[in-house]
Amino acid sequence: MDVKCSRCGKPMRRTIGNHKYWESGLDNVYLENIPLYECTDCRIVYPSFFRMGRLNDLIALSLVQKPALLNGREIRFLRKNLKMPSHILAKQLGVGKTTLSKWE
């Protein structure tokens, strides 16, 4: 399968490498040894995600098992991964929607 660069249209080559997973909304998640596609012309690199839902589930599991308090981005990640509106999560946690919003 030939993958073309969305910026310049040139062919991309497949490599294996590491990627800071910005797409999660978290700034401390790194994926190691994943497929990457690099443009041979403009050098832009795109990660190739496999089973993204499962990946996010594993990140969520790691978050709820960590011994430290969650930060706002982590709380937002969990809520979005659960596909739960903020007012429902706030009710489940026994806090107001405004409090949850401030946490996030």
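**Entry 1: the sheet**

Before looking up partners I noted the criterion that two strands count as paired if DSSP finds at least two bridges between them. The model I have open is a predicted one, and I began with strand β3, where I found Pro-47 as the bridge partner of Leu-36. I then checked how strands β2 and β3 are joined, and found three bridges between β2 (residues 30-39) and β3, with the two strands running antiparallel.

Stepping back to the whole sheet, I recorded an open sheet of three strands in the order β1-β2-β3, with antiparallel pairing. Strands β1 (12-20) and β3 (45-47) stand at the edges with a single partner strand each, so one side of each has no neighbour in the sheet. From one strand to the next, I noted an average twist of 40 degrees.

**Entry 2: the chain as a whole**

I counted four helices and three strands in the protein chain, and reading from the N terminus I wrote down the order of elements as β-β-β-α-α-α-α. I looked up the radius of gyration next: at 18 Å it is well over the 13 Å that the globule rule gives for 104 residues, so the chain is more spread out than a compact globule. The C-alpha trace spans about 55 × 25 × 20 Å along its principal axes, and I noted that buried residues make up 29% of the 104 residues.

**Entry 3: salt bridges**

As a reminder to myself, side chains of opposite charge can pair when their charged atoms come close. How many salt bridges does a search of the whole structure find? The search returned five, and I went through several of them in turn.

I looked first at Glu-38 and Arg-13, whose side chains meet in a salt bridge at 2.9 Å, N to O. Because Glu-38 lies in strand β2 and Arg-13 in strand β1, this pair ties together parts that are 25 residues apart in sequence. I checked the exposure of both partners: Glu-38 is buried, with a relative accessible area of 15%, whereas Arg-13 counts as partly exposed at 40%. I also noted that Arg-13 and Glu-38 are linked with Arg-43 in a network of salt bridges.

I turned next to Asp-27, which forms a salt bridge with Arg-73, the closest N and O atoms being 3.3 Å apart. Asp-27 sits in the loop between β1 and β2 and Arg-73 in helix α2 (residues 72-81), so the pair ties together parts 46 residues apart in sequence. I found Asp-27 partly exposed, with a relative accessible area of 38%, and Arg-73 partly exposed as well, at 41%.

My next lookup was Arg-79 and Glu-104, whose side chains meet in a salt bridge at 2.6 Å, N to O. Since Arg-79 lies in helix α2 and Glu-104 in the segment after α4 (97-103), I noted that this pair ties together parts 25 residues apart in sequence. Is Arg-79 buried or exposed? I recorded a relative accessibility of 14% for Arg-79, so this residue counts as buried, the cut-off being under 20%.

**Entry 4: a nonpolar patch**

Finally I looked over the surface, where Leu-58, Leu-61 and Val-64 make a nonpolar patch of about 260 Å². I placed Val-64 in helix α1 (residues 52-65). The relative accessible area of Val-64 is 55%, which is over the 50% cut-off, so I entered Val-64 as exposed.

Notes: Residues numbered from 1 in each chain as written. Predicted model: local features only at pLDDT ≥ 70, side-chain atom pairs only at ≥ 80, totals over all residues. Heavy atoms only, no water. Patch = residues over 30% accessible without salt bridge, like charges linked within 9 Å, V, L, I, M, F, W, Y side chains within 5 Å. Areas by Shrake-Rupley, 256 points an atom, 1.4 Å probe, with all protein chains shown as cover. Salt bridge = Lys/Arg side-chain N within 4 Å of Asp/Glu carboxyl O. Buried < 20%, exposed > 50% of the residue type's maximum accessible area, 1.4 Å probe, protein only. Axes fitted to C-alpha atoms, helices over the stretch in contact; angles between N-to-C directions. Rg over C-alpha atoms; globule rule 2.2 N^0.38 Å.
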